[in-house]
Amino acid sequence: GTAALLTTEGTAVGTVIENQRIVDLPLNGRDYLNLIALSPAVTAETTPSFTATGRQGGDRAQENFSIGGQRLQFTHFTLDGIENTDANWNLWIFRPSIDALQEFKVETGVYSAEYGHEPSQINVTTKSGTDQFHGTLFEFLRNSDLDARQWLQSTGAKNPFHRNQFGFEFEGPIIKDRLFFMANYEGLRDSNTLLQVASVATNRMRAGDFSASGRVVFDPLTRTFTTDSSGNPKAVSAMPFPNDTIPQNRWAAGTQTLLGFYPAPTSAGDSILSNYTRGAHTPTNWDQFTQRIDFNESTKSFWFGRFGWDNEFNSTASLFPGQNEQYALTAYQIMLSNIRTFS
């Protein structure tokens, strides 16, 4: 641990997470934003926004942090000093690979006017190239062969799961001491199957036979009426269908069409309790690329530019087939910076 130092030149309070910790600390999914929880006054793993989840999807909507007791939506993100915050939900837009990062800082206090926007700031800086060539090639694999069964699944074969995360980071000089590059790519192929359990109408019910349900099904055409104190008609009795079975000539038009959207049980019998199970396939695929160029024009002028591209597709699990929510998103980010001393 490190002790917080008193900053006398400003009122900002924050925590810097440097490259060494970003790369070395264990991260589920290689997501550096999990390290925000290393800062004081941060509450992580909070319930995500329902609206953002339904419209944005993916990790953006799932990663929520309360910093300094503020609302989850009161966090502002920057990347290399430029805007990296979705204007609709205050979520991050572009998330580089951890191998492309130099450091990031979580600002939780009264910071300078250059930040603004929200009560808490997450400011991220990417790595620049160096005068020597350095590279990293990585691949991480997780699969169901090494996992236990899902807790709902007591018997049978394990639901298949395969997660492959791979990529590279390469940096070095183009012109020694003056022009440098850093290139990074990371991809994810995640194929997961989640057990879904539901209670649905039995096959006999789907044919109109409710005799095994333990409930009486009344024929609405045999109802007798009286009136209540206000003079409104009130049904007081009716005759049950024979054998609690609704004849098909009494079914509404389109009933069979609607039953096509409502799955039949996967377990035999007349019990409707948890009589339907299925393995819901939920793929998640994304690719991202970061390219940065640094140029030392002179002792008074320094340039750097960065291009970021991100393409994502993910699907959520639903109880029934054909109801999975799918999200496709592509993000581009480009920036150019010049730091110049005039006198």
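These questions and answers look at spaces, rings and one side-chain contact in a predicted model. Residues are numbered from 1 along each chain as its sequence is written, and side-chain values use heavy atoms, without hydrogens and water. Local features need pLDDT of at least 70, side-chain atom pairs count only at pLDDT 80 or more, and totals for chains, interfaces and linings use all residues.

Me: How much space lies in the largest pocket?
Reply: A 1.4 Å probe is tried on a 1 Å grid over the protein atoms alone; a pocket is an open set of points with protein on both sides within 12 Å along at least five of seven lines. Points join across faces, edges and corners, and the volume is the space filled by probe spheres set on them. For the largest pocket this gives about 1,100 Å³.

Me: Which residues lining the largest pocket are the closest to its centre?
Reply: Lining residues have an atom within 4 Å of a point. The largest pocket has 45 of them. The closest to its centre are Asn28, Asp59, Gln62, Arg163 and Asp190.

Me: How many residues of the largest pocket's lining are charged?
Reply: Asp, Glu, Lys and Arg count as charged; Ala, Val, Leu, Ile, Met, Phe, Trp, Tyr, Cys and Pro as nonpolar; the others, Gly among them, as polar. The lining has eleven nonpolar and 21 polar residues. The charged ones number 13.

Me: What is the volume of the largest cavity?
Reply: In a cavity the probe fits but cannot get out. The structure holds four of 30 Å³ or more. Glu63, Phe65 and Trp92 are among the residues lining the largest. Its volume is about 60 Å³.

Me: Over which ring does the charged end of Arg30 sit?
Reply: A charge sits over a ring if NZ of Lys or CZ of Arg is within 6 Å of the ring centre and within 35 degrees of the ring normal. Arg30 also helps line the second largest cavity. Its charged end is 3.9 Å from the centre of the ring of Phe138.

Me: Is Asn164 buried or exposed?
Reply: Buried means under 20% relative accessible area, exposed over 50%, and partly exposed in between (1.4 Å probe, protein chains only). Asn164 has 12%, so it is buried.

Me: Which side chain does a polar contact of 2.7 Å join to that of Asn164?
Reply: A polar contact is a pair of N or O atoms within 3.5 Å; within protein, one must be able to donate a hydrogen and the other to accept it, and residues adjacent in sequence count only if both atoms are side-chain atoms. At 2.7 Å, the partner of Asn164 is Glu139.
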